[in-house]
Amino acid sequence: MAEAVETIDLRALDLAPGSETRMAVRVPAVDLRLGGQDYRVEPPEPEVELRIGRSLSGVHLSLRTEVELVGPCWRCLEEARVRLAVESEEFAAEGRPPDAPFDEDLDSAYVQDLRLDVAGWARDAIAEAVPATILCREDCAGLCPACGANRNAGDCGCVVVETDPRWDALRELSERISRDD
(Lines give C-alpha, C1' and ligand atoms only; values in the text may rest on other atoms or scores of the structure.)
Protein backbone atom coordinates (compact mmCIF):
# COMPACT_ATOMS: atom_id res chain seq x y z
CA MET A 1 0.00 0.00 0.00
CA ALA A 2 1.21 3.50 -0.84
CA GLU A 3 2.50 5.82 1.86
CA ALA A 4 0.23 8.64 3.07
CA VAL A 5 1.78 12.08 2.46
CA GLU A 6 0.73 15.70 2.34
CA THR A 7 3.92 17.18 0.88
CA ILE A 8 6.99 15.93 -0.97
CA ASP A 9 10.43 17.53 -0.77
CA LEU A 10 11.46 17.72 -4.44
CA ARG A 11 15.12 18.28 -3.48
CA ALA A 12 15.20 14.87 -1.76
CA LEU A 13 14.35 13.18 -5.08
CA ASP A 14 17.73 14.36 -6.44
CA LEU A 15 16.58 14.32 -10.07
CA ALA A 16 19.09 15.26 -12.75
CA PRO A 17 17.85 17.22 -15.80
CA GLY A 18 16.26 14.83 -18.28
CA SER A 19 15.21 12.28 -15.64
CA GLU A 20 11.91 11.54 -13.98
CA THR A 21 10.46 9.40 -11.24
CA ARG A 22 7.05 7.88 -10.72
CA MET A 23 5.46 7.16 -7.38
CA ALA A 24 2.13 6.27 -5.86
CA VAL A 25 1.09 8.04 -2.66
CA ARG A 26 -2.07 8.35 -0.63
CA VAL A 27 -3.40 11.82 0.23
CA PRO A 28 -5.57 12.86 3.19
CA ALA A 29 -9.34 12.61 2.90
CA VAL A 30 -10.90 14.97 0.40
CA ASP A 31 -14.29 16.47 1.24
CA LEU A 32 -15.96 19.02 -1.00
CA ARG A 33 -18.85 21.43 -0.50
CA LEU A 34 -20.68 22.08 -3.76
CA GLY A 35 -23.90 24.06 -4.12
CA GLY A 36 -24.31 24.10 -0.34
CA GLN A 37 -24.11 20.28 -0.13
CA ASP A 38 -21.34 18.14 1.33
CA TYR A 39 -19.69 15.49 -0.85
CA ARG A 40 -17.09 12.92 0.09
CA VAL A 41 -14.51 11.18 -2.03
CA GLU A 42 -14.11 7.42 -1.96
CA PRO A 43 -11.76 5.88 -1.15
CA PRO A 44 -11.33 8.18 1.87
CA GLU A 45 -7.56 8.51 1.32
CA PRO A 46 -7.27 8.31 -2.47
CA GLU A 47 -4.11 6.95 -4.03
CA VAL A 48 -2.57 9.26 -6.62
CA GLU A 49 0.06 8.44 -9.20
CA LEU A 50 2.70 11.13 -9.51
CA ARG A 51 5.19 11.62 -12.29
CA ILE A 52 7.90 14.12 -11.45
CA GLY A 53 10.41 15.05 -14.13
CA ARG A 54 13.17 17.58 -14.29
CA SER A 55 14.40 19.54 -17.29
CA LEU A 56 16.90 22.34 -17.62
CA SER A 57 14.03 24.82 -17.28
CA GLY A 58 12.26 23.38 -14.23
CA VAL A 59 10.17 20.63 -12.72
CA HIS A 60 7.34 18.97 -14.65
CA LEU A 61 4.60 17.40 -12.51
CA SER A 62 1.75 15.09 -13.41
CA LEU A 63 -1.00 13.68 -11.16
CA ARG A 64 -3.50 10.91 -11.94
CA THR A 65 -6.16 9.24 -9.85
CA GLU A 66 -9.62 7.74 -10.07
CA VAL A 67 -12.13 8.37 -7.32
CA GLU A 68 -15.84 8.31 -6.73
CA LEU A 69 -17.68 11.44 -5.59
CA VAL A 70 -20.55 10.58 -3.22
CA GLY A 71 -23.31 12.94 -2.12
CA PRO A 72 -26.83 14.17 -2.89
CA CYS A 73 -28.22 14.10 -6.42
CA TRP A 74 -28.94 17.62 -7.68
CA ARG A 75 -32.45 16.64 -8.82
CA CYS A 76 -33.85 14.18 -6.27
CA LEU A 77 -31.43 14.48 -3.31
CA GLU A 78 -30.89 10.69 -3.17
CA GLU A 79 -27.29 9.45 -2.94
CA ALA A 80 -25.37 9.95 -6.16
CA ARG A 81 -22.07 8.26 -7.02
CA VAL A 82 -20.03 9.81 -9.81
CA ARG A 83 -16.80 8.23 -11.05
CA LEU A 84 -14.07 10.81 -11.69
CA ALA A 85 -10.94 10.24 -13.77
CA VAL A 86 -8.60 12.97 -12.56
CA GLU A 87 -5.56 14.16 -14.48
CA SER A 88 -3.59 17.31 -13.79
CA GLU A 89 -0.25 18.77 -14.85
CA GLU A 90 1.88 21.51 -13.34
CA PHE A 91 5.20 23.15 -14.10
CA ALA A 92 7.53 25.04 -11.78
CA ALA A 93 10.33 26.98 -13.46
CA GLU A 94 13.72 27.08 -11.79
CA GLY A 95 15.88 30.15 -11.34
CA ARG A 96 13.01 32.58 -10.82
CA PRO A 97 13.78 35.43 -8.41
CA PRO A 98 12.00 35.00 -5.05
CA ASP A 99 10.28 38.40 -5.42
CA ALA A 100 9.02 37.72 -8.98
CA PRO A 101 5.23 38.01 -9.35
CA PHE A 102 3.31 34.76 -9.77
CA ASP A 103 3.14 33.64 -13.40
CA GLU A 104 0.67 30.87 -14.33
CA ASP A 105 2.99 29.59 -17.05
CA LEU A 106 6.13 29.50 -14.91
CA ASP A 107 4.97 28.93 -11.34
CA SER A 108 2.92 26.25 -9.67
CA ALA A 109 0.64 27.19 -6.80
CA TYR A 110 1.51 23.80 -5.28
CA VAL A 111 5.30 24.20 -5.19
CA GLN A 112 6.81 26.43 -2.48
CA ASP A 113 10.55 26.27 -1.71
CA LEU A 114 10.78 23.04 -3.75
CA ARG A 115 8.12 21.35 -1.58
CA LEU A 116 5.16 19.92 -3.48
CA ASP A 117 1.78 20.23 -1.73
CA VAL A 118 0.38 16.92 -3.01
CA ALA A 119 -2.72 17.04 -0.77
CA GLY A 120 -3.76 20.52 -1.94
CA TRP A 121 -3.06 19.69 -5.58
CA ALA A 122 -5.07 16.44 -5.40
CA ARG A 123 -8.00 18.22 -3.71
CA ASP A 124 -8.08 20.97 -6.33
CA ALA A 125 -7.67 18.52 -9.24
CA ILE A 126 -10.59 16.43 -7.93
CA ALA A 127 -12.73 19.57 -7.55
CA GLU A 128 -11.93 20.59 -11.15
CA ALA A 129 -12.97 17.13 -12.42
CA VAL A 130 -16.48 17.37 -10.93
CA PRO A 131 -19.10 17.34 -13.72
CA ALA A 132 -21.51 20.22 -14.31
CA THR A 133 -24.35 18.25 -12.68
CA ILE A 134 -24.20 15.45 -10.14
CA LEU A 135 -27.02 12.98 -10.73
CA CYS A 136 -27.92 9.63 -9.17
CA ARG A 137 -28.61 8.38 -12.69
CA GLU A 138 -28.66 10.00 -16.11
CA ASP A 139 -32.47 9.96 -16.42
CA CYS A 140 -33.22 11.16 -12.87
CA ALA A 141 -36.75 12.57 -12.83
CA GLY A 142 -36.17 14.73 -9.74
CA LEU A 143 -38.71 15.85 -7.17
CA CYS A 144 -42.33 16.85 -7.80
CA PRO A 145 -42.52 20.65 -7.47
CA ALA A 146 -46.01 20.39 -5.95
CA CYS A 147 -45.66 17.70 -3.25
CA GLY A 148 -41.91 16.99 -3.13
CA ALA A 149 -42.24 13.27 -3.90
CA ASN A 150 -39.34 11.53 -5.60
CA ARG A 151 -40.48 11.04 -9.20
CA ASN A 152 -37.99 8.16 -9.63
CA ALA A 153 -40.08 6.07 -7.20
CA GLY A 154 -43.23 6.52 -9.28
CA ASP A 155 -45.94 8.98 -10.24
CA CYS A 156 -47.25 10.99 -7.29
CA GLY A 157 -50.50 11.90 -9.04
CA CYS A 158 -49.95 15.63 -9.00
CA VAL A 159 -50.85 17.53 -12.14
CA VAL A 160 -48.22 20.16 -12.58
CA VAL A 161 -48.08 22.40 -15.59
CA GLU A 162 -44.58 23.73 -15.70
CA THR A 163 -44.32 26.89 -17.75
CA ASP A 164 -41.56 29.41 -17.75
CA PRO A 165 -42.98 32.96 -17.87
CA ARG A 166 -40.01 34.07 -19.96
CA TRP A 167 -41.53 32.14 -22.90
CA ASP A 168 -44.99 33.80 -22.63
CA ALA A 169 -44.32 36.28 -25.45
CA LEU A 170 -43.33 33.49 -27.86
CA ARG A 171 -46.29 31.35 -26.73
CA GLU A 172 -48.67 34.25 -27.49
CA LEU A 173 -47.05 34.77 -30.89
CA SER A 174 -47.41 31.06 -31.69
CA GLU A 175 -51.10 31.12 -30.72
CA ARG A 176 -51.69 34.23 -32.85
CA ILE A 177 -50.00 32.60 -35.85
CA SER A 178 -52.09 29.44 -35.35
CA ARG A 179 -55.32 31.48 -35.29
CA ASP A 180 -54.35 33.41 -38.41
CA ASP A 181 -53.81 30.18 -40.40
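**Figure 1. Charged side chains of the protein chain in the predicted model.** The protein chain carries 38 negative side chains and 20 positive ones. The centres of these two sets lie 3 Å apart. About 11700 Å² of the protein chain is accessible surface, and carbon and sulfur atoms make up 47% of that area. Of the 181 residues, 32% count as buried.

**Figure 2. Secondary structure and overall dimensions of the protein chain.** The chain contains 10 strands and two helices. Along the sequence these elements follow the pattern β-β-β-β-β-β-β-β-β-β-α-α. The radius of gyration of the protein chain is 25 Å, well over the 16 Å that the globule rule gives for 181 residues, so the chain is more spread out than a compact globule. Taken along the principal axes, the box filled by the C-alpha atoms is roughly 80 × 40 × 25 Å. Among contacts in the protein chain with a separation of 6 or more, 55% are between residues 24 or more positions apart.

**Figure 3. Surroundings of Cys140.** Zero disulfides are found when the whole structure is searched. Cys140 is accordingly in no disulfide, and the nearest cysteine sulfur, that of Cys76, is 3.7 Å away. A disulfide is counted here only when the two sulfur atoms are within 2.5 Å, so a pair at a distance of 3.7 Å does not qualify. Cys140 has a relative accessible area of 5% and is therefore buried, the cut-off being under 20%.

**Figure 4. Surroundings of Cys156.** The search of the whole structure, which finds zero disulfides, leaves Cys156 without a disulfide partner. For Cys156, the nearest cysteine sulfur is that of Cys144, 3.6 Å away. This distance is also not within 2.5 Å, which is why the pair is not counted as a disulfide. Cys156 is partly exposed, with a relative accessibility of 31%.

**Figure 5. Leu106 in the loop between β8 and β9.** Strand β8 spans residues 79-93 and strand β9 spans residues 111-112; Leu106 lies in the loop between them. Leu106 has a relative accessible area of 30%, so it counts as partly exposed, the class between 20% and 50%. When neighbours within four places in sequence are left aside, Leu106 is in contact with Phe91, Ala92, Ala93 and Arg96. Leu106 and Arg96 are 10 residues apart along the chain, and their C-alpha atoms are separated by 8.6 Å.

Key: Residues are numbered from 1 along each chain as its sequence is written. This is a predicted model: local features need pLDDT of at least 70, side-chain atom pairs count only at pLDDT 80 or more; totals for chains, interfaces and linings use all residues. Side-chain values use heavy atoms; hydrogens and water are left out. Buried means under 20% relative accessible area, exposed over 50%, partly exposed in between (1.4 Å probe, protein chains only). Helices (H or I, at least four residues) and strands (E, at least two) are DSSP runs, numbered from the N terminus. The radius of gyration is taken over C-alpha atoms; the globule rule is 2.2 Å times the number of residues to the power 0.38. Contact means heavy atoms within 4.5 Å. Accessible areas come from the Shrake-Rupley method with a 1.4 Å probe; for residues, only the protein chains shown count as cover. Lys and Arg count as positive and Asp and Glu as negative; His and the chain ends are not counted. The place of a charge is taken as NZ of Lys, CZ of Arg, CG of Asp or CD of Glu.
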